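Student: Please choose a single part of this model and examine it closely. I should then like to see how its surroundings are arranged.

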Amino acid sequence: MIIENGFVFDGTGAPWTKTDVAVKGDRIKAIGNLKDMSAERRIDATGLYVSPGFIDPHTHAGDGLVKAELGGAEPLLAQGLTTVVVNPDGGGGSAGTDTVNIADQRQKLLSHGVGVNVAQLVPHGMVRRLVMGDVDEHASEEQLDKMRELVRKGMQDGAFGLSSGLFYVPGSFADISEIVELGKVVGEFGGLYTSHIRDESDYSIGLIPSVDEVIKVAREAKIPGVVTHVKALGPRVWGFSEAVTQRIEQARADGVEMWADQYPYEASKTGLSSALIPRWAMAGGTSKMLENLKDTAALDKMRPEIETNLERRGGAERIQLANFSPDTSLEGKLLSEISESRGKSPVDTTIELLIEAKGQIGIVSFNMLTSDVVSFMNKPWRMTSSDGDLVPMGEGVPHPRVYGTFPRMIAKYSRDDNLVPLATAIHSMTGLPATVHRMKDRGFLMTNMYADITIFDLKEVKDMATFTEPHQLAKGMKYVFVNGKLAVDEANYKDIRKGRVLNRNGEDFVRE
Ligand SMILES: [Zn+2]
């Protein structure tokens with residue numbers, strides 16, 4: 001196939017060139033004036049932009065992709081994605097431990113086929129849970145050895161690095177020396193470390209010391225470090241983007257390889273319990289937390305802490321329920337609205353809702369300042385990520401980033417608001433994440449690279465998903481090639497599942 005006459009980005013951050021691209025098999029065969037080359041099909045890309053396929057360095061889509069009915073990944077392909085990195089946040093927020101087994105997850109993905117390529121991370125929180133449970137204790141040398149073995153196994157099985165979620169139980173119970181030790185194992189394989197930092201606000205050690213923790217791991221384990229979904233969460237740290245930037249840039253000046261990724265929204269998504277319940281009340285897992293929520297003495301201690309945590313989030317009017325299984329009519333409602341209708345304080349409403357939902361409530365949290373979001377956005381070390389999940393169309397009221405992240409970065413922040421040059425925005429979602437993760441032959445549009453290619457109409461690119469009506473596919477992606485095959489053709493999604501599971505150590509895993 002030959003893609004003719006498009007504005008071609010190579011993924012390096014360089015501006016486009018007007019040229020042709022030939023695809024043969026799963027690779028890019030040639031770039032240049034190809035009007036004399038014969039082809040089975042010619043795609044006229046006049047007026048369209050041709051880019052390396054987009055790479056999402058932080059997504060929770062892994063939980064969806066392992067299900068046969070979601071494996072086709074339509075909401076991801078509609079955003080121009082061709083590769084996703086799964087198992088972020090140390091497995092944060094997830095109840096199980098099943099993502100520890102990288103080979104098993106790979107088998108599940110390949111058994112029914114996936115629409116996009118998948119790169120895996122070893123999730124620290126799940127590793128810790130498997131070895132120690134959800135206890136608030138330091139790891140013994142023996143427990144640390146068991147964790148080392150699990151991380152080593154994951155890396156041998158092709159993972160790209162270690163993710164942690166030190167904000168979440170049980171990652172919150174790990175001190176940083178534990179992560180440094182596991183980071184050294186990752187370093188044996190050339191992997192990276194990416195962390196949902198311990199504190200994006202002032203919950204525990206504070207935002208800046210939490211960034212310093214990532215730098216410490218990167219420095220001492222001698223591996224790349226990523227501050228994932230970088231942000232300054234809540235009024236108490238608004239304006240701190242400058243200080244975070246200063247830390248990352250100073251580390252780089254000192255020779256420590258530091259990066260960040262960011263989703264282009266001013267709201268985050270997390271669990272209601274993670275956001276508001278103190279960690280001591282969550283030690284021992286969900287059942288223990290539910291016991292505490294019904295215990296008068298525990299509640300007396302907890303109530304003022306929940307109150308403070310609400311303040312950290314900017315108040316009940318900045319928290320929106322995303323998933324609430326006992327009563328889906330509350331999904332999309334603000335905590336302040338529910339509290340008002342029930343005639344109870346936001347704190348007591350929180351306690352009541354958590355008991356009703358047996359602890360599992362997803363929330364969208366409006367907690368960022370525009371100037372902080374924008375200040376990170378055009379940094380050369382910042383990748384675009386979604387932090388989204390892959391859910392059945394119509395289920396719950398998820399964060400719109402699930403459907404809109406990458407088109408939004410292009411349409412709003414580059415084209416409309418002019419904050420980031422288009423070539424830089426494209427680089428942040430192609431060549432940069434490929435470089436940071438050491439992905440072989442992907443992320444760039446050059447001869448002999450894999451033919452992961454996204455072709456879009458800049459005038460039409462739009463994220464359709466909103467905070468109240470998120471279940472809407474993005475627009476503007478005309479063609480998406482995954483390993484040389486068209487998964488989106490003339491803006492029509494095709495369920496061809498040509499994605500591979502990428503292998504840090506060698507040949508990628510292909511569905512048989
Ligand atoms: Zn996270």
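Tutor: Helices here are DSSP runs of H or I with at least four residues, strands are runs of E with at least two, and both are numbered from the N terminus. The model is a predicted one, and the part chosen is the zinc site.

The zinc ion is coordinated by Asp89 (OD), a second time by Asp89 (OD), by His196 (ND1) and by His229 (NE2), at 2.1 to 2.4 Å. The angles among these four donor atoms run from 56 to 141°, and the site is irregular. A tetrahedral site would need all angles between 85 and 135 degrees. Along the sequence, the donor residues follow the spacing D-x106-H-x32-H. His196 belongs to strand β11 (residues 192-196) and His229 to the loop between β12 (225-227) and α8 (241-253), so this pair ties together parts that are 33 residues apart in sequence.

Consider next how the donors are placed. His196 and His229 are both buried. Asp89 sits in the loop between β7 (81-86) and α3 (102-112). Asp89 counts as buried because its relative accessibility is 4%, the limit for that term being under 20%. The backbone of Asp89 is also notable: its phi is positive, about 60°, although the residue is not a glycine. Most residues other than glycine have a negative phi, and most peptide bonds are trans. A cis peptide bond is found between Val169 and Pro170, with omega about 5°. Pro170 is in the loop between β10 and α6.

Those two elements, β10 (161-165) and α6 (176-188), are among the packing partners of the buried residues of helix α4, together with β9 (122-123) and α5 (141-156). Helix α4 (residues 124-132) is mostly covered, with seven of its nine residues buried. Among the buried ones are His124, Met126 and Met132. Gly133 follows the helix and has a positive phi, near 75°.

Helix α8, which comes after the loop holding His229, contains Thr245. With a relative accessible area of 7%, Thr245 is buried. Apart from neighbours within four places in sequence, Thr245 is in contact with Phe376, Lys379 and Trp381. These partners fall in residues 371-486, one of the two stretches that the unreviewed UniProt entry annotates as "domain: Amidohydrolase", the other being 43-165. Over residues 371-486 the chain is 31% helix and 13% strand. Helix α15 (residues 401-416) includes Met409, which counts as buried because its relative accessibility is 0%. Among the residues that Met409 touches, leaving out those up to four places away in sequence, are Pro264, Met377 and Met429.

Finally, the site may be set within the division of the chain. Domain 1 spans 53-268 + 367-433, and domain 2 spans 271-365. Their C-alpha centres lie 25 Å apart, and the contact takes 22 residues from domain 1 and 23 residues from domain 2. The two domains bury about 1800 Å² between them, 51% of it on carbon and sulfur atoms. On the side of domain 1, Tyr203, Arg236 and Val397 lose the most area to domain 2, together 31% of what that side buries. By their numbers, the donor residues Asp89, His196 and His229 fall within the bounds of domain 1.

Conventions: Residues numbered from 1 in each chain as written. Predicted model: local features only at pLDDT ≥ 70, side-chain atom pairs only at ≥ 80, totals over all residues. Heavy atoms only, no water. UniProt positions renumbered as here; feature names shortened; annotations may be inferred. Donors = N, O, S within 2.8 Å, 3.2 Å for Na, K, Ca; no water. Tetrahedral: all angles 85-135°; square planar, octahedral: opposite > 155°, others 65-115°. Buried < 20%, exposed > 50% of the residue type's maximum accessible area, 1.4 Å probe, protein only. Domains from an automatic or database assignment. Contact = heavy atoms within 4.5 Å. Buried area = accessible area lost by both parts, 1.4 Å probe.
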